[in-house]
Amino acid sequence: MSFYQKSSTLSRRFRLVQASFLQEDGLAFAKVLPEEQIDKAFADAHADFAREEGAVYTPAVTLWAFLSQVLFKEEQRSCMAAVSRVLVLLVALGRKPCLKNTGAYCRARGKLPGPVIRTLATDVAKGCEQAVPSEWLWHGRHVHLVDGTTVSMPDTDANQDEYPQNVAQKPGLGFPIVRLAVLLSLATAMVQDMALGPYAGKETGETALFRELLDGVDPQSIIVADRYYCSYFLIAMAMLGRRDFVVRLHQCRKTDFTTAERLGEGDYLVTWIRPHRPKWMDHATYEQIPETMTLRLIEIQVHEPGFRVESLTVVTTLTDPVQYPREDIADLYRRRWLVELDIRAIKKTLGMDVLRCQSPAMVRTEMWVCLLAYNLIRKAMLEAACEAGVSPRELSFATAMQTIAASWMTLICADQALLSTLIVAQLASLAEQTVGDRPNRVEPRAVKRRWKPIALLTKPRKEAREALLRGTAA
């Protein structure tokens, strides 16, 4: 029986989304985010629009089209290109082709509930995290990487009101900016959760956003972060939830090693004393924070030439030197750099660094659609890694994205036999393309290609346009 039968009902089925991301029954992670779960999430949010006979932009088709915009670049990322893909989908389903007007599609996108998209993105990440083989874990434990970043969006009044541009820029010359704190898995590279807020203002920093995510981190997990997160209160709050922390020592915190307990060479136990209550913390929470904490400090020497630092100190709550040897913790912190590569994949490879939507609500929905696409691509990588018996960290995200995009329009025309064959072939080809293992790679932060010089806009575009019409210099 054909997978995509010529039936009007199939355009309502979310299996369309799953198959497009190379998901099929019988695969290792097939039970993570099944079609019934997606259906229920939309039904619970009462997002069951376009129920009339002949409706085009059902929730399933709209989500499928929105996700396709993430996979493609440049002109193929436009709403018009998405509508063109929907037209092909309808013809493949034996339906009448839709009009090439983007208005109906954009209105349907606006009906997609952002919280539901967020739930789907985080559910697929958490489901895969619980299903990973034990050999992908660190000492049998789940590790989460945290870091912050920013993205920009179109310069509309609504976006500027909610996510103002950098205060150092003149009005009309900057773009609205949103700050993100992202929690990713070391094992799967999936986004476990994300918090966002304005780029500046009270309680908008990375650590404030990270506190919103902390309760969602499972007990017995390990959090790895850079030294910006080296805070007594962050570490204490993590420990209260039975979570461990591995973080680089902040440059402003001085340690007297003469009073520390020596566990070995460059390995110490130290006691930190609770600071005064910060303004953001209420009295009840402050009373729960322990007055002292015993932490482990590990000095790490970096011998590889070309690295920016020659030594660093890591702070951790993993105080048992037998269960967690010094070398293992040093290696774990070194793998923190993977979060930088994962965020680069999200922002550059997927193109989330510059958003396209015109309103704050749609900007948030767009970000979660991007992260849902990212996690579904990573899920396909997990399937390929399991089949090939390798770590998913050895596979190329860019190749996986290209592989899924290459078969995006082919899968909608495939019967069940062809669909299964194509998915197996695509997953096998994905596993063949591994990334180079270059842990000590050193490259200058510079590019050789010279771009064409273009003058920078030094006044609002409207004023510059009026100056050109008057015949004066812009």
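Visitor: Which strands make up the open sheet, and in what order do they lie?

Guide: In this predicted model, nine strands line up as β3-β2-β1-β4-β5-β9-β8-β7-β6, and their pairing is mixed. Strands (DSSP type E, at least two residues) and helices (H or I, at least four) are DSSP runs numbered from the N terminus.

Visitor: What makes β3 and β6 the edges of this sheet?

Guide: Two strands pair if DSSP finds at least two bridges between them. β3 (191-198) and β6 (261-264) each have a single partner strand, so each has one side without a neighbour in the sheet. From one strand to the next, the sheet twists by 25 degrees on average.

Visitor: Before we go on, how are the residues numbered, and which parts of the prediction count?

Guide: Residues count from 1 along each chain as its sequence is written, and side-chain values use heavy atoms, without hydrogens or water. Since the model is predicted, local features need pLDDT of at least 70 and side-chain atom pairs need 80 or more, while totals for chains, interfaces and linings use all residues.

Visitor: How do you know that β1 and β2 are paired?

Guide: Nine bridges join β1 (residues 143-152) to β2 (residues 177-185), and the two strands run antiparallel. At one place along this pair, Thr150 stands opposite Arg179 in β2. Two helices also meet the sheet here. Helix α8 packs on it, touching β1, β2, β3, β4 (222-225) and β5 (244-248), and α8 points about 45 degrees away from the direction of β2. Helix α12 (residues 338-349) packs on the sheet too, touching β1, β2 and β3 at about 40 degrees to β1. Contact here means heavy atoms within 4.5 Å.

Visitor: What makes β8 a partner of both β7 and β9?

Guide: Bridges on both counts. β7 (residues 267-273) pairs with β8 (residues 292-301) in the antiparallel sense over seven bridges, and Asp267 has Ile298 as its bridge partner in β8. β8 also pairs with β9 (residues 311-316), again antiparallel, over six bridges. There Glu299 is matched with Thr313 in β9.

Visitor: Why are α8 and α9 called roughly parallel?

Guide: Axes are lines fitted to C-alpha atoms, for helices over the stretch in contact, and angles between N-to-C directions run from 0 to 180 degrees. Under 35 degrees counts as roughly parallel, over 145 as roughly antiparallel, 65 to 115 as roughly perpendicular and the rest as oblique. α8 (residues 206-214) and α9 (residues 232-240) pack at about 5 degrees with axes 11 Å apart, and they are therefore roughly parallel. Thr207, Phe210, Arg211 and Leu214 of α8 meet Leu234, Met237 and Ala238 of α9. Five of the contact residues are nonpolar, one is polar and one is charged. Here Ala, Val, Leu, Ile, Met, Phe, Trp, Tyr, Cys and Pro count as nonpolar, Asp, Glu, Lys and Arg as charged, and the others, Gly among them, as polar.

Visitor: What does Thr207 touch beyond its sequence neighbours?

Guide: Leaving aside residues within four places in sequence, Thr207 is in contact with Tyr228, Tyr229 and Leu234. Thr207 and Val146 are 61 residues apart in sequence and 9.9 Å apart in space, C-alpha to C-alpha.

Visitor: How do you know how α6 lies relative to α13?

Guide: The axes of α6 (residues 114-131) and α13 (residues 360-388) come within 9 Å and cross at roughly 25 degrees. That angle makes α6 roughly parallel to α13. The contact residues of this pair divide into twelve nonpolar, four polar and two charged.

Visitor: Why is Asn375 of α13 called buried?

Guide: Buried means under 20% relative accessible area, exposed means over 50%, and partly exposed lies in between (1.4 Å probe, protein chains only). Asn375 has 0% relative accessibility, so it counts as buried. Not counting residues up to four places away in sequence, Asn375 touches Ala121, Val124, Ala125, Met190 and Val191.

Visitor: Are Leu22 and His139 buried or exposed?

Guide: Leu22, in the loop between α1 (15-20) and α2 (35-44), is at 0% and therefore buried. His139, in the loop between α6 and β1, is at 38% and so counts as partly exposed. Leu22 has a positive phi of about 65 degrees although it is not a glycine, and His139, another residue other than glycine, has a positive phi near 55 degrees.
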